[in-house]
Structure formats: C-alpha cells, structure tokens
Amino acid sequence: MGDTGGHQQCPPCPPTGAQPMPRLAVYALIVCVLSVAAAVVSFVQGSWLGIVWVLLAGLSSNMTWYYVKRGRAAQAQKR
C-alpha cells in the first residue's frame with residue numbers, strides 16, 4: 001500500500017560473523033588511500049612535497065587500525 005517507514009532488507013543477508021568497520025575507521029582509510037595517491041603523484045612530478053603526503057598516509061593508517069581495534073573491543077564488551 002505504501003511505505004511504512006521501516007527499513008527492511010530483501011532478502012535478509014545471511015550472518016557472516018564479520019563486524020562492520022566503524023565510521024571513523026572508514027574515513028581514516030579513505031584519507032590514507034588518497035594521501036598515498038597524492039604522494040605518488042608528487043614524487044612523479046619531482047616534488048619533495050610527497051614526503052608530507054607519506055607522513056599523512058602513515059598517520060591515517062595508524063588511526064584506521066586504532067579505530068578498528070577500538071570498534072572490535074566495544075563489540076566484545078557488548079556481548
């Protein structure tokens with residue numbers, strides 16, 4: 001008849017046991033990938049500014065792992 005406002009998945013997804021990544025971990029992963037791409041472009045163009053992009057990639061990579069581990073720990077405490 002119409003939209004009842006509830007969100008339903010058709011068909012329901014089978015349980016895989018995998019937990020979704022926390023949102024901040026996804027954002028940090030995106031920043032990491034983009035900064036690696038920027039570093040490659042900078043070094044190809046002969047710019048030493050790529051060093052800054054490499055450092056940003058390392059930082060965002062560490063942030064990704066931190067938020068993934070923090071999310072897993074939070075899920076383990078809920079159980």
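This report describes the fold, the second helix and the largest pocket of a predicted model.

## Overall architecture

The chain contains two helices and zero strands. Of its 79 residues, 16% count as buried. The exposed surface of the chain amounts to about 6800 Å², and carbon and sulfur atoms supply 66% of that area.

Contacts were also examined by sequence separation. Among those between residues at least 6 apart in sequence, 58% join residues at least 24 apart.

## Helix H2 and its cover

Helix H2 spans residues 50-78 and has 29 residues. From its first C-alpha to its last, H2 reaches 42 Å, close to the 42 Å expected at 1.5 Å a residue.

The buried residues of H2 are Gly-50, Ala-57, Ser-60, Thr-64, Tyr-67 and Val-68. An α-helix has 3.6 residues a turn, so residues three or four places apart point the same way. Helix H1, comprising residues 23-44, is included in what covers the buried residues of H2.

## The largest pocket

The largest pocket holds about 180 Å³ of space. Its lining consists of Gln-19, Pro-20, Met-21, Pro-22, Val-68, Gly-71, Arg-72, Ala-74, Gln-75 and Lys-78. By residue class, the lining divides into five nonpolar, three polar and two charged residues.

Val-68 links the two preceding topics: this residue is among the buried residues of H2 and also lines the largest pocket.

Key
Residues are numbered from 1 along each chain as its sequence is written. This is a predicted model: local features need pLDDT of at least 70, side-chain atom pairs count only at pLDDT 80 or more; totals for chains, interfaces and linings use all residues. Side-chain values use heavy atoms; hydrogens and water are left out. On a 1 Å grid over the protein atoms alone, a cavity is a set of points where a 1.4 Å probe fits but cannot get out, and a pocket is an open set with protein on both sides within 12 Å along at least five of seven lines; lining residues have an atom within 4 Å of a point. Grid points are joined across faces, edges and corners, and a volume is the space filled by probe spheres set on the points. Ala, Val, Leu, Ile, Met, Phe, Trp, Tyr, Cys and Pro count as nonpolar, Asp, Glu, Lys and Arg as charged, and the others, Gly among them, as polar. Helices (H or I, at least four residues) and strands (E, at least two) are DSSP runs, numbered from the N terminus. Buried means under 20% relative accessible area, exposed over 50%, partly exposed in between (1.4 Å probe, protein chains only). Contact means heavy atoms within 4.5 Å. Accessible areas come from the Shrake-Rupley method with a 1.4 Å probe; for residues, only the protein chains shown count as cover. The expected span of a helix is 1.5 Å times one less than its number of residues.
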